[in-house]
Amino acid sequence: MLKNLLEKARDLDAQDPIKAYRDEYYMPKDGGRDIYYFCGNSLGLQPKKAQLYIQEALDAWAQMGVEGHVKGSRPWKPYHHFLTGPSARIAGAKEHEVVVMNTLTTNLHLLMASFYRPTKSRYKIIMEGGAFPSDQYAVESQVKLHGFAPEDAIVEIHPEPGLQNLTTAQIQKVIEAHGKETALVFFGGVNYYTGQWFDLKAITEAAHKAGAYAGFDLAHAAGNLPMELHDWNVDFAAWCSYKYLNAGPGGPSGVFIHERHGNNAELPRFAGWWGHDEAERFQMKKGFKPMEGAGGWQLSNAQIFSFAAHLASLELFDEVGMAALRKKSILLTGFLEECLDALNESGIKIDTITPKNPEHRGCQLSLFVDRKKGKVLHQQLRKHNIITDWREPNVIRLAPVPMYNKFEEVHYFAKTLLEINREI
Ligand SMILES: Cc1ncc(COP(=O)(O)O)c(C=O)c1O
């Protein structure tokens, strides 16, 4: 019974070892009333420290002008370095394998410029069916850029009939089947629609066995799931910082390039002055000499204000650690599932298309609903101060986020769903 779960929610909140971190964020309000925010999978909440860090950069600019590049407590010239340590810990990487720059889709193109080097016989890209549209467009345009037809060069893997998710065995089989023709295996870490967390290590192994590179869009994985990109031998990855990483709308993107590639100055890439050897960058010499590591893919000098917000957020991740976040996340999303099961017992059938096994998902659950009724449901939730998101054609996504969500909020969500369902 859902009613009985309220006490459990309160107990879990009381025992939560990281509950204090909620106070580090602004919780949205509407007309003075609390909002129940479950949209950290789309846009994470604002760390209170973000304003302070942005203000610090604004003050430095106001007081020092151009000298802010080299003076002050956090000079702008090396600013990206402040982000690499915490980003590397999020990615499970060595510091020189990670850099923060640009935005996500831009970086995916830059990475494909280096890692999608098709030949006449090896030109295919294998990806998950139903990848985020920007990934689909990026891949299609890359394939066309090299003179191939997307229908032939892109292999999408869709779930077997009757299933909602892919299995690792199925992915491995497809990679093996197209092995000789495959240049790149490119997957989302967590699928944006279903919430499925893929086995990056197994996919990477299968790609390498086939002689292809393995790259990942980790927009829905970074800050959501602990990762070991270095040990998993991933070739490259990129993520955005505005979802689970809470760096604000349009926030910058993180990039991972395994050190076996990062230190290869011969690897083709699009170059810019910020990727040039730091020690010589301002000598303004002809001839690009890339920095070792992911930093050698940088094009432009840092976007300080958005980096400042990102830094404020990353510091909190460093304090809490991904292990503690994941521990709470499994409990929190598991509790959401338990509440939905209780609704099912009350005769309200809520289907999810996210894997049941916590090993194959992060924070998010995707509720699969009838399109018309589901849209009304989504709007009704908002009227009850609950923010989730709607994804065409059939999904309400919600992600209780361990950094700032409470178990009792999850219970409120389920209780409200029960009430609304009676009304519509
Ligand atoms: C999985 C995924 N990839 C790519 C993007 C696009 O990101 P950006 O607009 O920062 O390039 C998004 C945005 O939500 C996303 O969810």
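**Exercise 1. Locate N246 in this predicted model and describe its backbone and its exposure.**

Step 1: place. N246 lies in the loop between β9 (236-240) and β10 (253-257).
Step 2: backbone. Its phi is positive, about 60°, although N246 is not a glycine. Most residues other than glycine have a negative phi.
Step 3: exposure. Buried means under 20% relative accessible area. N246 has 2%, so it is buried.

**Exercise 2. Repeat the analysis for N102: where is it, what is its phi, and is it buried or exposed?**

Step 1: place. N102 sits in the loop between β4 (98-101) and α4 (104-115).
Step 2: backbone. N102 is not a glycine, yet its phi is positive at about 50°.
Step 3: exposure. The relative accessibility of N102 is 14%, so this residue counts as buried.

**Exercise 3. Find the loop that holds P393 and give the state of the peptide bond between E392 and P393.**

Step 1: place. P393 belongs to the loop between β14 (389-391) and β15 (395-398).
Step 2: bond. E392 and P393 are joined by a cis peptide bond, with omega about 0°. Most peptide bonds are trans.

**Exercise 4. Test the length of helix α11 (residues 322-345) against 1.5 Å a residue.**

Step 1: expectation. The helix has 24 residues, so it should span 34 Å. The expected span is 1.5 Å times one less than the number of residues.
Step 2: check. The end C-alpha atoms of α11 are 34 Å apart, which agrees.
Step 3: what follows. After α11 comes G347, with a positive phi near 90°.

**Exercise 5. Describe how α3 (residues 79-91) and α10 (residues 304-320) cross.**

Step 1: geometry. Two packed helices are described by the angle between their axes and the distance between the axes. The axes of α3 and α10 come within 9 Å and cross at roughly 35°.
Step 2: hand. The crossing of α3 and α10 is left-handed.
Step 3: residues. The contact includes F82, L83 and I90 of α3, and F307, L311 and L314 of α10.
Step 4: character. The contact residues divide into eleven nonpolar, three polar and two charged.

**Exercise 6. Which residues touch the most other members of the largest nonpolar core, and what surrounds F216?**

Step 1: core. It has 71 residues; F187, F216, L218, L229, W239 and M403 touch the most other members.
Step 2: source. Helix α10 supplies the largest share of this core, ten residues.
Step 3: F216. Leaving aside neighbours within four places in sequence, its contacts include F186, F187, L200, V234 and F236.

How values were computed:
Residues numbered from 1 in each chain as written. Predicted model: local features only at pLDDT ≥ 70, side-chain atom pairs only at ≥ 80, totals over all residues. Heavy atoms only, no water. Helix = DSSP H or I, 4+ residues; strand = E, 2+ residues; numbered from the N terminus. Axes fitted to C-alpha atoms, helices over the stretch in contact; angles between N-to-C directions. Left-handed = near helix turned anticlockwise from the far one by under 90°. Contact = heavy atoms within 4.5 Å. Nonpolar A, V, L, I, M, F, W, Y, C, P; charged D, E, K, R; others polar. Core = buried A, V, L, I, M, F, W, Y, C linked by side-chain atoms within 4.5 Å. Buried < 20%, exposed > 50% of the residue type's maximum accessible area, 1.4 Å probe, protein only.
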